[in-house]
Amino acid sequence: MNITIAILGLAVLILIHEAGHFFVARAVGMSPRRFYLGFPPALVKVKRKGIEYGIGAIPLGGYVKIPGMHRPAPSDVDVQLGPALKEDPRLFPKAARVQRALEAGDLAGARDQLPELERAVAESELSPAAARAADRCVNELRDGLGEDAYWRQRTWKRISVIFAGPGANLLVALLLPMIAFMIGAPGKTIRVVKRVDADHPAARIGLRPGDEIIGINGVKTPDYTSLSRSIKGSGGRPITVTVVRKGMPLVLGPARPVKENGRYILGFEPAWHTDQLTPWAALGKSAGDNWRAGKATITFLPRLFTGEGRKNVSGVVGITDVSRQAIGLNFALFLEILGLISLSLALLNLLPLLPLDGGHILFSIIEGIRGRAVGREIYERVSALGIALFLVLMFIGLSNDLSRIGG
């Protein structure tokens, strides 16, 4: 159940991200064609007022299809309509008239010629693959030549639509921890034992809930940070644990910490202070935590190119596992972690790489300065580099997740 809730939490964050794009696009005069959670093929889909809503079979994100992301080019007709032209040469005159208009920059003329090409494609007897490609060509031309096409809009409208996705995640990143602090999220961790894991060293040496750990190997541990550091730094060597139980000091052990998820532990859960804050105090604390987490994330990015930095990358599996553990401990803690995940989604999408949102924002600014659209082929070349880097990052995260979970 905890895993299901964790996965649903991630799905909701993605849904909110795409909803940001969707509603702002409609607000500024662009009519989205699709709104999907996940990527096609569709498991479930329904069409309402010209918009297709669906759930895709590939759960790697979501997308909103905004019409006319790129200015139509003559080469688009050659590439997408090529298989259909080979199978039915009668389509060539209609396609050529659209191409000539595009070459001359006569968008209105190309739009006037498009219905004739569309009828010819519908009447042709084509193979399924050629028919799909031809239909896609006609649909993309219609979207790209329409008045609500993305590439034809003013720069501020395009940036608003693209930023709305990460912006929605930033808002959620602020609100979820705020709610958590209002209902009582775990605060500072203390040295008191809350729970002891069965079949772990802590249970075997007799550690009990309510014990206050005051020393490791005879060295005082004034706070939980020093306590945790002493256990992790043991390297698996036997240690003794000094506790206060019912007002009396007691030495337990020795015990040999075991390595789980890449670190040495005894197998107990510490207690923590829980404070319920007022709305304004909760908002201030959430804003402060987001600011610090955001700075830490941005300063961490250059370290991705180092071995130590790559070890700290986590993927969907690791995020789901941490969320699952948080739900088991405290629901407010789960909300807080979900807020941090939402912040990470926003910052990741704002990286100036295509096909991420930050890349589209960068190209919108470049096109605004140039005064004309960048060609589709340039978008595709730059996107190929961005996708390759993103896939490498996903692979590193997945490898780390499997290593941590598998010990």
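Colleague: Before we get going, how is the expected span of a helix defined?

Modeller: The expected span of a helix is 1.5 Å times one less than its number of residues. Bear in mind that this is a predicted model.

Colleague: Fine. How do you know that the length of helix α2 agrees with that?

Modeller: Helix α2 covers residues 74-87, which is 14 residues, so it should span 20 Å; its end C-alpha atoms are 20 Å apart, and that agrees.

Colleague: And where is the kink in α2?

Modeller: At Leu 81, shortly before the proline Pro 83, with an angle of about 65°. Leu 81 is also one of the buried residues of α2, along with others including Val 77, Ala 84 and Leu 85.

Colleague: Why is Ser 383 called buried?

Modeller: Buried means under 20% relative accessible area. Ser 383 has 14%, so it counts as buried. It sits in helix α14, and beyond its neighbours within four places in sequence, Ser 383 is in contact with Leu 354 and Pro 355.

Colleague: What is the peptide bond between Leu 354 and Pro 355 like, cis or trans?

Modeller: It's cis, with omega about 5°. Pro 355 is in the loop between α12 and α13. There is also a cis peptide bond joining Gly 253 and Pro 254, where omega is about 15°; Pro 254 belongs to strand β7. As background, most peptide bonds are trans.

Colleague: What makes Lys 49 worth a remark?

Modeller: Lys 49 has a positive phi of about 50° although it is not a glycine. It lies in the loop between β1 and β2. With 86% relative accessibility against a cut-off of over 50%, Lys 49 counts as exposed. Lys 246 also has a positive phi, about 55°, and is not a glycine either. Its place is the loop between β6 and β7, and at 81% Lys 246 is exposed.

Colleague: Why do you call the contact between Glu 52 and Arg 34 a salt bridge?

Modeller: The cut-off is within 4 Å for a side-chain nitrogen of Lys or Arg and a carboxyl oxygen of Asp or Glu. For Glu 52 and Arg 34 the closest N and O atoms are 3.7 Å apart, so the pair qualifies. Glu 52 is in strand β2 and Arg 34 in strand β1, so the salt bridge ties together parts that are 18 residues apart in sequence. Glu 52 is buried at 14%, whereas Arg 34 is partly exposed at 30%.

Colleague: How many salt bridges does the structure hold?

Modeller: There are 15. Another one joins Glu 118 and Arg 142, at 2.6 Å from N to O. That pair links distant parts of the chain, with Glu 118 in helix α4 and Arg 142 in helix α5, 24 residues apart.

Colleague: How do you know that Lys 285 and Asp 289 are about one helical turn apart?

Modeller: They are four residues apart in helix α9, which means a separation of about one helical turn. Their closest N and O atoms are 3.9 Å apart, and they form a salt bridge. Elsewhere, Lys 194, Arg 195, Asp 197 and Glu 269 are joined into one network by salt bridges that share partners.

Colleague: Last one: which residues form the nonpolar patch on the surface?

Modeller: Ile 179, Met 182, Ile 183 and Phe 331, with about 360 Å² of accessible area together. Helix α6 gives the largest share, three residues. Met 182 is in helix α6, and its 31% relative accessibility makes it partly exposed.

Methods: Residues numbered from 1 in each chain as written. Predicted model: local features only at pLDDT ≥ 70, side-chain atom pairs only at ≥ 80, totals over all residues. Heavy atoms only, no water. Helix = DSSP H or I, 4+ residues; strand = E, 2+ residues; numbered from the N terminus. Bend = angle between axes of the 7 residues up to and from the residue. Buried < 20%, exposed > 50% of the residue type's maximum accessible area, 1.4 Å probe, protein only. Patch = residues over 30% accessible without salt bridge, like charges linked within 9 Å, V, L, I, M, F, W, Y side chains within 5 Å. Areas by Shrake-Rupley, 256 points an atom, 1.4 Å probe, with all protein chains shown as cover. Contact = heavy atoms within 4.5 Å.
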